Amino acid sequence: MQAEYTPGPWIVVESKRTLIVAESGHRVATCEDLSTANARLIAAAPELLAAIKQIARLSETADRHRLDVASMLGDIARAALVKVES
């Protein structure tokens with residue numbers, strides 16, 4: 001079963017309320033009592049999901065192709081963290 005969710009990327013918009021908005025303009029969430037850090041973490045959900053899927057695919061083929069998995073995993077993790085922490 002495929003989960004249904006609003007495609008990313010999502011961004012944080014701060015006004016009277018903190019909003020999580022998709023690039024398409026669709027409002028993903030409206031929060032009144034949410035810190036900016038938590039809002040950024042929620043907005044990073046599509047990128048974090050993509051990173052997890054990429055890691056899962058990588059783990060399936062790494063041994064067969066003798067890939068430098070440590071380096072690749074580091075690149076994936078750093079890219080996901082940039083979205084959460086910036």
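Author: Contact means that heavy atoms lie within 4.5 Å. The model discussed here is predicted. By this cut-off, and leaving aside neighbours within four places in sequence, Ala39 is in contact with Val12, Thr18, Ile20 and Leu34.

Reader: What does Thr18 touch, not counting residues up to four places away in sequence?

Author: Thr18 touches Val12, Val13, Ala29, Thr30, Cys31, Leu34 and Ala39. Thr18 itself lies in strand 2.

Reader: Why is Thr18 called buried?

Author: The term buried requires a relative accessible area under 20%. Thr18 has a value of 9% and is therefore buried.

Reader: What makes strand 2 largely enclosed by the rest of the structure?

Author: Strand 2 spans residues 18–22, and 5 of its 5 residues are buried, so the rest of the structure largely encloses this strand. In a regular strand, side chains alternate between the two faces of the sheet. Here both faces of strand 2 are covered: Thr18, Ile20 and Ala22 are buried on one side, and Leu19 and Val21 are buried on the other.

Reader: How do you know that strand 1 and strand 2 pair?

Author: Pairing requires at least two bridges between the strands. Strand 1 (residues 10–14) and strand 2 have 5 bridges in the antiparallel sense, so they count as paired. Ile11 stands opposite Val21, and the bridge partner of Glu14 is Thr18. These two strands form a hairpin with 3 residues between them.

Reader: How do you know that strand 2 and strand 3 pair?

Author: The requirement is again at least two bridges. Strand 2 and strand 3 (residues 27–31) share 4 bridges in the antiparallel sense, so they too qualify as paired. Val21 has Arg27 as its bridge partner in strand 3. The hairpin formed by strand 2 and strand 3 has 4 residues between the strands, and Gly25 in its turn has a positive phi of about 100°.

Reader: Which residues make up the largest nonpolar core?

Author: This core consists of 5 residues: Trp10, Ile20, Ala22, Ala39 and Ala43. Strand 2 and helix 1 (36–43) are the elements that give two or more residues to this core.

Reader: How many salt bridges does a search of the whole structure find?

Author: The search finds 2 salt bridges.

Reader: Why is the pair of Arg17 and Glu32 called a salt bridge?

Author: The term requires a side-chain nitrogen of Lys or Arg within 4 Å of a carboxyl oxygen of Asp or Glu. The N to O distance between Arg17 and Glu32 is 3.3 Å, so the pair meets the criterion. Arg17 lies in the loop between strand 1 and strand 2, and Glu32 in the loop between strand 3 and helix 1, so the pair ties together parts that are 15 residues apart in sequence.

Reader: Why does Glu32 count as exposed?

Author: Exposed means over 50% relative accessible area. Glu32 has 59% and therefore counts as exposed. Arg17, with 43%, is partly exposed.

Reader: What makes the contact of Arg78 with Asp75 a salt bridge?

Author: The closest N and O atoms of Arg78 and Asp75 are 2.8 Å apart. The limit is 4 Å, so this pair also qualifies. Both residues lie in helix 3 (residues 69–85), 3 residues apart, about one turn of the helix. Asp75 is partly exposed, at 44% relative accessibility.

Key. Residues numbered from 1 in each chain as written. Predicted model: local features only at pLDDT ≥ 70, side-chain atom pairs only at ≥ 80, totals over all residues. Heavy atoms only, no water. Buried < 20%, exposed > 50% of the residue type's maximum accessible area, 1.4 Å probe, protein only. Core = buried A, V, L, I, M, F, W, Y, C linked by side-chain atoms within 4.5 Å.
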